[in-house]
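Hello,

I am passing on the structure we talked about, and I would be glad if you kept it open beside this message while you read.

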Amino acid sequence: MEGAKNIGSELILGIDTSCDDTSAAVVAEGKKILSNIVSSQSDIHKKYGGIVPELASRRHIEMIWPVVDEALNAAAITLDDIAAIAVCHGPGLIGSLLVGCGFAKAAAYAKNKPVVAVNHLEGHIFSAFLDHENIEFPFLSLIASGGHTSLYIVNDFGQYMELGRTRDDAAGEAYDKVAKLLGLAYPGGPVIDNLALEGNPKAFDFPRAYVPESFDFSFSGLKTAVKSAVSRQSQAAGDAEFIKDIAASFQSAVVDVLVRKVEWAIVKKGIKRVTLSGGVSANSELRKRFKEMAEEREVELFLPSISFCTDNAAMIAAAGYHHFKAGNIAGIDLNPKAYLPL
Ligand code: KG4
Ligand code: ZN
């Protein structure tokens, strides 16, 4: 695979199967998206209130080739036209990652193309560049997704300094768990986001864990507080107004913490550029509050468009392009890793 580095133009085929979405994309020169196909598995996992790893990997096996095929067709190219395949090799569900990595290596071997391994978190950081070509370094990057909530200083491509991370639940995980408690559909984030629009954010005074003198996050106490509020009012749990108020109050607590932590990092580190990414960055209240804070602090804020917030392969192709240019080519022995720090 290593020998084929200079074939063709600078088209990258990106593949992401880290969790419950099968995604493939074709991206030119790390920024121009020719196609970005995402096949969601939400319908499969919905009835369990969360992702069932075995079902996720089986579905990836069924979908990987059709999704890649669709991405190539939509871009009006074939595998012969690409310069490299960028695949997410972790972190994520190991059975799911294996499908993407196995497919990428097989296709690369068959077509004599190089493979580039991309960390899923680096992909999320790069999603900012899909909408905004020129973001100057350094910048602060908050990733808030179902699996991660971390804050980084990005000094350059490939140079990431973690300032903090969640000590327990990720922000998206808290959304999904609270939705399950309230008997709402999976994934909980978008459902709670919608319900919160009609609820009172001050109805419940839920805790905000600011984790003093640290850039770390914690959301498990908040989830427990919601659980107590729901069990205290179990007779009213089916009540639509009650659910809307819980949703709005919970969301307000999550957003308060995320905005305040990033604001504190802006002040402490003197960095006035911020990117957001991950599924939770699609949240309407979060986007509104970050825009307000950025305006007040005269900070440049780079929000990904909604389709690039949640998992997608375009972000993997974008990050993969930079590795490809730097000559970071993976070998045929590439193996995914469930735990893979950035
Ligand atoms: O980035 P992502 O697609 O996958 C991971 O890498 O985890 O994020 C999925 C997470 C889920 O927990 C989902 O509930 C949450 O993002 N999410 C949202 C919204 N849309 C998706 N959370 C809050 N508000 C939203 N609008
Ligand atoms: Zn993700």
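Below are some notes on a metal site and on a pair of helices.

This is a predicted model, in which local features need pLDDT of at least 70 and side-chain atom pairs count only at pLDDT 80 or more, while totals for chains, interfaces and linings use all residues. Residues are numbered from 1 along each chain as its sequence is written, chains are lettered from A and ligands numbered from 1 in the order in which they are written, and side-chain values use heavy atoms, with hydrogens and water left out.

The zinc ion (ligand 2) has as its protein donors H120 (NE2), H124 (NE2) and D311 (OD), which lie 2.0 to 2.1 Å from it; donors are N, O and S atoms within 2.8 Å of the metal (3.2 Å for Na, K and Ca), and since water is not among the atoms, sites may look incomplete. Along the chain these donors follow the spacing H-x3-H-x186-D. H120 and H124 are about one helical turn apart, because they are four residues apart in helix α4 (residues 120-131); helices are DSSP runs of H or I with at least four residues, numbered from the N terminus.

Helix α2 (residues 53-74) and helix α3 (residues 94-111) have axes that come within 8 Å and cross at roughly 30°, where axes are lines fitted to C-alpha atoms over the stretch in contact, and angles run from 0 to 180 degrees between N-to-C directions. The two helices α2 and α3 are therefore roughly parallel to each other, a term for angles under 35 degrees.

Best wishes

Definitions and conventions: Angles under 35 degrees count as roughly parallel, over 145 as roughly antiparallel, 65 to 115 as roughly perpendicular and the rest as oblique.
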